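Biologist: Take me on a close look at the largest pocket, please. Then add what helps me place it.

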Amino acid sequence: MQLGHLYGIGVGPGDVELLTLKAFRILKEVPVIFAPKPDDKQESFAYNIVRELIDIRRQEVINLIFPMIKDETKLRVYWQDAAATIWQQLAQGKDCAFITEGDPLFYGTFSYIHHIFQQRYPQVNIEVIPGISSVNAAAARAQTPLAQGDDYVAILASTPDDERLKQILHNFDTIVLMKVHSIPRVITILEQLDLVDNFTYVQRCTTPAEEIIRDARKLRENKSDYLSLLMIRK
């Protein structure tokens with residue numbers, strides 16, 4: 001049986017022009033594209049980035065549900081179902097691309113699929129095409145260096161408790177908090193540590209809805225977006 005080739009493709013933070021040439025070529029060639037989305041009502045953010053590149057007359061787009069919940073036991077069911085769906089296409093000899101915003105293996109949804117395939121379908125040939133992460137894109141858009149010289153950098157996908165956050169802020173030169181849900185609490189801690197003038201908030205980076213905020217007063221008034229991050233550069 002001739003199996004299809006599986007590509008995990010990072011499509012970047014939002015601007016389609018930030019796609020790599022290799023990702024562009026593969027996305028134009030593969031017959032099947034898998035697009036993760038949080039539920040049946042919302043569209044896939046990754047697919048919206050590359051929508052204009054896809055030819056739906058000759059390419060099939062299959063949506064996969066990855067809900068935004070923290071219960072790993074429940075999430076594992078969705079991961080397993082998604083992997084089984086992808087396997088069905090690969091078993092027919094079709095090359096497939098799994099797209100994800102940012103980079104596939106940097107807090108990317110594809111990392112869970114990759115792990116399952118390594119364990120359950122080791123015969124499948126997998127290639128990962130890296131993408132520009134929101135962290136790199138936000139630093140570029142805000143023109144804020146992430147690291148210089150011997151700097152230490154911490155990147156967190158969730159906001160830790162107060163004491164742990166203070167410890168991280170003390171030990172690292174640059175701290176990036178992704179998906180911040182408790183911005184007022186973080187700002188209070190930054191005020192306590194005299195770091196409130198050292199942050200940059202970037203929302204929906206490189207998209208038409210992009211917003212960059214450096215004023216803590218404005219940030220207290222805004223509700224944080226899921227596709228946002230906070231950079232603290234000491």
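Modeller: On a 1 Å grid over the protein atoms alone, a pocket is an open set of points with protein on both sides within 12 Å along at least five of seven lines; lining residues have an atom within 4 Å of a point. Its volume is the space filled by probe spheres (1.4 Å) set on the points. The largest pocket holds about 1500 Å³. It is lined by 48 residues, and M68, E101, Y107, K179 and Y226 come closest to its centre. The elements giving two or more residues to this lining are β2 (32-37), α2 (45-50), α3, α5 (134-142) and β10 (228-233). Helices (H or I, at least four residues) and strands (E, at least two) are DSSP runs numbered from the N terminus.

This is a predicted model: local features need pLDDT of at least 70, side-chain atom pairs need 80 or more, and totals for chains, interfaces and linings use all residues. Residues count from 1 along each chain, and side-chain values use heavy atoms, without hydrogens and water.

Look at α3, residues 72-90, which contains V77. V77 is partly exposed, at 47% relative accessible area (buried is under 20%, exposed over 50%, partly exposed in between; 1.4 Å probe, protein chains only).

Now the charges. The structure has 10 salt bridges (a Lys or Arg side-chain nitrogen within 4 Å of an Asp or Glu carboxyl oxygen). K22 and E127 form one, at 2.6 Å from N to O. K22 sits in helix α1 and E127 in strand β5, so the pair ties together parts 105 residues apart in sequence. R51 pairs with E43 at 3.4 Å. R51 is partly exposed, at 37%, while E43 is exposed, at 54%.
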